[in-house]
Amino acid sequence: MIPFPCPLEPPETARLRAEVRRRLLCAWPALACSPICKLEPAALDAMLRHYDALFFDGLFARRLPQLCVVGTARMTRCAGKFCARIAADGATDVQIRMSTDFLFRLRKGPFFVNGVEALDALEAFQLVFEHELCHAAEWALYGTCSAHQSTFRALSHGLFQHRTCTHALPTRAQEAAALGVGVGARVSFPFEARTLCGVVSRVGKTASVMVPSAAGAWHDKRGRRYDKYTVPLSLLTPRRRG
C-alpha cells in the first residue's frame, strides 16, 4: 500500500507544485531569473524537503533519510538521474543528481518535460526533479528501480500528471548540431596564431576535433593520423565540404 495520496487530481498536483515553487522563491528569489545563473546546494535540499512533505507525506524522511540531491555540471546528456548503490557492508548510497548544465542554459520557455508544459526554467527543473523523485519513491517503497515500468508510471502520472518519461530540453550536442558543428562536421578554430581544420568527433561542454597530422597520436581505420584538440564550442566555425 502506498503511504501517501496517489493518484491526485490535476488541480491538486498543480497547486502543490506551485506551493513548492513559492517556497523556493521566498528563500531564493534569483531562481525566478532567466537564465538561472546559480543554484545553492541548500536550495536542492529544500526542494527535496518540500516535495517530500507536500506530495509524499514524509516518505523519504522516514524510509530513505540518506537520500541527498546534488547539482552537477558534468551531466550534459541527461537532465537528472537517480542513483542507488549498495556497498559490501549493506549500506545504501542514494542520490538524485540534477544537471546544472541543463538548468543554466534554459532561457525562454515554454519547455516540455515529461509531456507537461513548463513556462520557465525553474518549472522545467521541477518537472525533471519530479521524475527522479518517482524513481526514489519506488526504491524507498520496494527496494527496486525498474526503469519506467508500471510502478514508476503509476507514481509519475498519479502524483505529477506526467504523460511521458522524456524531456525535450536541448542537449549541448543538439544545440551544436543546429549550428553546424555536430559530430562528423568539418570545422576550423584558432590555435596559437594559426587556424586549424579538422572533424568533430565528440560534443559535450567542449568539442573534440581531430586534426590531420603526419605524426599524430591518433589514427583511423585507414591509417591516417590525427592530433586531437579539445575546443570550446564558441571557437568553432563550420566549414563546407568540398
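This is a walk through the cavities and salt bridges of the structure above.

The model is a predicted one, so a few ground rules help: local features need pLDDT of at least 70, side-chain atom pairs count only at pLDDT 80 or more, and totals for chains, interfaces and linings use all residues. Residues are numbered from 1 along each chain as its sequence is written, and side-chain values use heavy atoms, with hydrogens and water left out.

Let us begin with the empty space. Rolling a probe the size of a water molecule over the atoms shows where such space is left. Here a cavity is a set of points, on a 1 Å grid over the protein atoms alone, where a 1.4 Å probe fits but cannot get out, and its lining residues have an atom within 4 Å of a point. Grid points are joined across faces, edges and corners, and a volume is the space filled by probe spheres set on the points. Counted this way, there are two cavities of 30 Å³ or more.

The largest cavity holds about 50 Å³ of space. Its lining is made up of Leu24, Leu31, Ile36, Leu39, Ala43, Leu44, Met47, Leu103, Leu122 and Phe125. To place these residues, it helps to know that helices (H or I, at least four residues) are DSSP runs, numbered from the N terminus. Helices α2 (41-55) and α5 (121-142) each supply at least two residues of this lining, and the largest share, three residues, comes from α2. In character the lining has 10 nonpolar residues, no polar ones and no charged ones; nonpolar covers Ala, Val, Leu, Ile, Met, Phe, Trp, Tyr, Cys and Pro, charged covers Asp, Glu, Lys and Arg, and the others, Gly among them, are polar.

The second largest cavity has about 40 Å³ of space. Around it sit Ala79, Ser99, Phe102, Leu103, Leu106, Ala124, Phe125, Val128 and Leu169. Two or more residues of this lining come from each of α4 (100-105) and α5, and α5 gives the most, with three residues. This lining divides into eight nonpolar residues, one polar and no charged. Leu103 and Phe125 appear in the lining of the largest cavity and also in that of the second largest.

Now for the charged side chains. Side chains of opposite charge can pair when their charged atoms come close. A salt bridge is a side-chain nitrogen of Lys or Arg within 4 Å of a carboxyl oxygen of Asp or Glu, and the count by this rule is eight.

Helix α1 (residues 10-27) offers a nice example to follow. Arg22 and Glu19 meet in a salt bridge at 2.7 Å, N to O; these two are three residues apart in that helix, which separates them by about one helical turn. Glu19 also forms a salt bridge with Arg23, the closest N and O atoms being 2.9 Å apart, and this pair lies four residues apart in α1, again about one turn.

How exposed are the three? Buried means under 20% relative accessible area, exposed over 50%, and partly exposed in between (1.4 Å probe, protein chains only). Glu19 is buried at 18%, while Arg22 is partly exposed at 43% and Arg23 is partly exposed at 29%. Salt bridges that share partners join Glu19, Arg22 and Arg23 into one network.

Elsewhere, the side chains of Asp220 and Arg224 meet in a salt bridge of 2.9 Å, N to O, with Arg224 partly exposed at 44% relative accessibility.

Key: On a 1 Å grid over the protein atoms alone, a cavity is a set of points where a 1.4 Å probe fits but cannot get out, and a pocket is an open set with protein on both sides within 12 Å along at least five of seven lines; lining residues have an atom within 4 Å of a point.
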